Each structure stands twice: as C-alpha cells, then as structure tokens.
Amino acid sequence: MTMMSKPVGIIGTGSFLPDNVVTNFDLEKMVDTNDQWIRERTGIEERRIAPEGMNTSYMATEAAKKAMQMAKVSAEDIDMIIFATLTPDMIIPSAACVLQANLGAKNAAAYDLQAACSGFVYGLITAASYISSGLYKKVLVVGAEILSRRVNWNDRGTCILFGDGAGAAVVSEVPEGYGIKGIDMGADGTGGPSLCIPAGGTAVVANDQRVEEGLTFIHMDGPEVYKFAVKTMGRTVLKSLERAGMELNELDFFIPHQANIRIIDSAAKRLHMPMEKVFVNLHKYGNTSAASVAIALDEANREGRFKRGDNVAFAGFGAGLTWASLVLKWY
Ligand code: UT7
C-alpha cells in the first residue's frame, strides 16, 4: 500500500560544504570544553564554518547544481523550489527566491520552509504531494544553513554542536513500484521554548542590548531536546513503516538527522538496524540542521551505500518541536 497516487522519488542529490574546518581542539581555545567531552557526548570531531562573505544561498546553489546534474534536469525544468532553512540570507526575499535567480529557474515557484532540523524531510514530503497530485513534475528541495552565525560562541552547551553546509535533491515521478511508500510528520509546539532564538523576530525585536545579551543566538535546553529526540526518532520511522505496510526487517538503510551519535545509536537499536546500515557523518560536520539529512543522503548516495530497490528511511527532529520521516524504495 502506498500513500502516493503516483510513485514519487528522488532522481538526483547534491551537497556543498565550506572548506574551512574547525576542530574540537580549536574550540578548546574558545570555550571551557575539551575534545574528549565533545567526542564522547556527541560523536562530533570537527565541523565546517562558512567564511565571511559566503551566504546560505550560495551553498544551496552549489548543492542544487550538483543534484540537477545528477538528475539530468535543467533549471527551466524545475517547477518549484522548496528551501528548508532557519538561517536564510535575509527574511525577504526568501532564500528560495535568491536560489531561483542564481539557478535561472525561471519557471519555478519558490518559497522557504521553516521546520528547523526536520525541514528537509518536511520539504521532501511536501514536494512529493505536489507531484503525486499531478500539479508539478520536478521539485527541487534544498536544506542549507549557516548556523555559525546564529550560535553564541561563548556558550559551550551549543557552539560545539553546530556546523554549516547545504544539500539538495530533485524530486520527481519514478517508475511504478519505487519511491515514497510511507511518511510521518508532526509537531509539538508546547516544546518550543526548549530550542529557540528568543530575539530577532517581531515579538522581541533585536536591538543592541539584546544582541549584547546573546538573545539573537540559539538557546537550547540540551537534556530536554535529547529526551525528545530519543523518544521521537525511532517512533516516527516505525510510523512511516507502518503506513508503508512494511516490517522492520524490510528496511535496508537509515539516514538519520545528524545531531548526536548517542541519539542515532538509540534510534538504530529501536529499529534493530546494525550500524553498518545507518549513515553517520556527524563526526565531520556536526549538526547542520535542515542541511543534515540532505548532506547525509547525498554522501550515502554517492558512496553507493544503497542500490535500486532498497528501502531507505530518512528521519529528522528539531526545533518547534518538529519531526518527520519517510520510507522510500530507492530508484
Ligand atoms: O537538531 C536538534 C538539536 N539539538 C540536539 O539534538 C541536542 C540534543 N542534546 C544533546 O545532544 C545533549 O544534551 C548535549 C550534547 C547538548 C549535552 O550533553 P548531555 O549529556 O545532555 O550533557 P548536560 O547538558 O547534561 O551536561 C553534563 C555536564 C554538565 O556539567 P555538570 O553540571 O555535570 O558539572 C555541563 O555543564 O557537562 C557539562 N558540559 C560541558 N562540558 C564540557 C556541557 N557542555 C559542555 C562542553 N564541554 N561543551
């Protein structure tokens, strides 16, 4: 049983990471932390930081070009761009419109989607609905972030976790039998305060004092988000599997949001997935929020980690609080 009236899958992936590497040892010089603590508690060893002058939309453009090249689609073929990010270049125009101009995707509608770290999976599901309904044929979904500009570099509870990067996928109709088989998306807005940027919106406007106090940076109750993540990751994949009419043992590969290796381990256990079937790159990039699953997907794909016909699950969770997962038969 499939949830889509047309089979919809992914026909191309791409990613972009800035060259600049910041290691845990570099962070030791900035805040009261150490490599051992970061590695043991998170699995992260280094992250990429975009240099000054490089914007979220630039990274997204590079990732998108690679995805389109793999999919063999031109910019004019794209009907819609969905850009998942919490760190757009600016509020208006949307990052999606900047990307549309960069690509010359003149036939594409374009908008940003804000579901934090769940954004890319939310975006894939949204894209699939447009295609399955017959409204559009090719949708470009991008996840890109420059979190280094939203992180308080004096807060050891958050600055060790995040990194910058971009990933993209071209979503399209695929042959019968392949594509998305089951999805799950959800939100619990009551958990919002545990991961937020208090100022800089219209409720608490950014001013010098608030910037000085760090209120325009990411604030997180780490243990609270951790508990939510451990509860949610496995559960959402099980729900997608159930909706796909699949059993756990039919799952061939798992691409989880790259936030913390302990969260990934616990989800893998719950899904009875040995770690060889779970993609991990967070030791290199840290948590890149909406870009995380997108980058992991592209790396796994280019490394040939799954093949046509494999059942691949994706899962994200994050601020909102939000979560999303899907199971697709890879084409
Ligand atoms: O995309 C979604 C985004 N967020 C997440 O996925 C985050 C989920 N949460 C986590 O991954 C974990 O909660 C953290 C990695 C953020 C923290 O790990 P934890 O095991 O929950 O540590 P904790 O916050 O309970 O802190 C334990 C101790 C504390 O010291 P005391 O009170 O035991 O003396 C902290 O002050 O570790 C201390 N600590 C640190 N020490 C060295 C906290 N951060 C650091 C640090 N370096 N960077």
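## Terms and basis

Helices (H or I, at least four residues) and strands (E, at least two) are DSSP runs, numbered from the N terminus. The model is predicted: local features need pLDDT of at least 70 and side-chain atom pairs count only at pLDDT 80 or more, while totals for chains, interfaces and linings use all residues. Residues are numbered from 1 along each chain as its sequence is written, and side-chain values use heavy atoms, with hydrogens and water left out.

## The shell around the ligand

The ligand has 23 residues around it, a residue being near if one of its heavy atoms lies within 4 Å. Twelve of these residues are nonpolar, seven polar and four charged; in this division Ala, Val, Leu, Ile, Met, Phe, Trp, Tyr, Cys and Pro count as nonpolar, Asp, Glu, Lys and Arg as charged, and the others, Gly among them, as polar. Helix α8 (222–244) is one of the elements that supply at least two residues, and α8 gives the most, with four.

Domain 1 (8–178) and domain 2 (180–329) both give residues to this shell, so the ligand lies between them. The domain bounds come from an automatic or database domain assignment.

## Polar atoms at the ligand

An N or O atom in the side chain of Thr33 is 2.7 Å from a nitrogen atom of the ligand. Oxygen atoms of the ligand lie 2.8 Å from an N or O atom in the Arg156 side chain and 2.7 Å from a polar side-chain atom of Asn260. A polar contact is a pair of N or O atoms within 3.5 Å.

Terms used:
Polar contact = N/O pair within 3.5 Å; in protein donor to acceptor, adjacent residues only side chain to side chain.
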